[in-house]
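This briefing introduces selected backbone features of a protein model to a reader who has not met it before. Please keep the sequence and the structure in view while reading.

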Amino acid sequence: MHRAWSMLVVSIVIVGAFAPITAVGAAAGNGVVSAEPSSEGDCQYPITETDGTGTEVTLEEAPETVVTLNPSLAQTMWEIGAEERVIGLTSHAENLEGAENRTSVSTDDATIDPEIVVDLDADLVLATSSQYVTEEMIETLRESGQTVYYFPAAESIDDVRERTHLVGSLVDECAGATETVDWMDEELEVVNEAVEGEDRPDVLYTFFGFTAGEGTFINELIEAGGGTNVAAEAGIDGYQEPDAETVVDANPEWLVLNTNSPDVPETPAYEATAAVQNDRTLIVDINHLNRPGPRIVHAITAFAEAFHPDAYAEAGVSDDSSQSADGSERSETTDEVPGFGVGLTTVAVSLAVLSLATLSRIRHGHDRS
């Protein structure tokens, strides 16, 4: 049963949801350009930007209505103060405060229904590459008269910064975007100061028996938070299930888990690690790990505070982790899927439910798009 589940998850990853994609802010020759806000934070129209499909997207004036096709983009709209423009979002962005008042563009199985998007007829549709947001879907929406800006999948903290600026430029919230990125940079500077020169503990991220290795967003977050990702050090690429020998040889000092998979795997290999022996496990909010938006800052600071508590305290931290860049309170639930990122949750749910149905319908899974 476990092996069947493993094969299902691995097959999802192979489909390519985490295949390397050109980062936001790459040269125009790669199909993407990065918007730079003016020094005053004022947006200017008309605006033309080239998106991830190589299409020039022009907005003659600021969009009054926006649909987001990914939770990370919805989160970004909320963070920069543009949430009132959002009239449609996916079911997995419903953790955001007030999202229940927007139209869900998701189907019952959490995929995206293009017909709902078209019916909303927003001034702008924001989309990010994922398992269910493909270039083919974008073309379908454009053929139906929708103005769509399509982002490649974010793979770094810099991608998140640049995407935040670009979203702000597109939706007339340049000042809010600048404020948000400044807030991110201030928080991350505290982390940088805290972890600089410190000995980095060996860290292993585990979710449902899998881990995140080289080339993953999680890897960069762990490193930014002052840890060494032993999965990457062991040569694991992407998202894989480490064997017992790898876990034992790595002998992590810390185990990181998420709120959707908060339990340490019950295997002799994990039980023998220094992390378990010394009770050093850290459970991080899945919404801060899996959504490449501004709130990744909270995952990074959680790492720094756990791995380097004294240095982090000495860095002069004010505990504002529950606040947005503008100081307002955040409200969210933890309905995300561990590790795989936007777009894989729905498949995992469907496959897990299908598996559960076949061997006593083996097991339940996740959801997200």
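The points below cover how the model is read, a cis peptide bond, positive phi values and one helix.

This is a predicted model, in which local features need pLDDT of at least 70 and side-chain atom pairs count only at pLDDT 80 or more, while totals for chains, interfaces and linings use all residues. Residues are numbered from 1 along each chain as its sequence is written, and side-chain values use heavy atoms, with hydrogens and water left out.

**Cis peptide bond**

- The bond from Tyr-45 to Pro-46 is cis, and its omega is near 0°.
- Pro-46 lies in the loop between α1 (2-17) and β1 (47-50); helices (H or I, at least four residues) and strands (E, at least two) are DSSP runs, numbered from the N terminus.

**Positive phi outside glycine**

- Ala-110 is not a glycine, yet its phi is positive, at about 75°.
- The loop between β5 (103-104) and α3 (114-120) holds Ala-110.
- Ala-110 is buried, with a relative accessible area of 7%; buried means under 20% relative accessible area, exposed over 50%, and partly exposed in between (1.4 Å probe, protein chains only).
- Asn-251, a residue other than glycine, has a positive phi near 40°.
- Asn-251 sits in the loop between α9 (244-250) and β12 (254-258), and is partly exposed at a relative accessible area of 34%.

**Helix α6 and the residue that follows**

- Helix α6 (residues 174-195) has 22 residues and spans 31 Å from its first C-alpha to its last, close to the expected 32 Å; the expected span is 1.5 Å times one less than the number of residues.
- Gly-197, just after α6, has a positive phi of about 80°.
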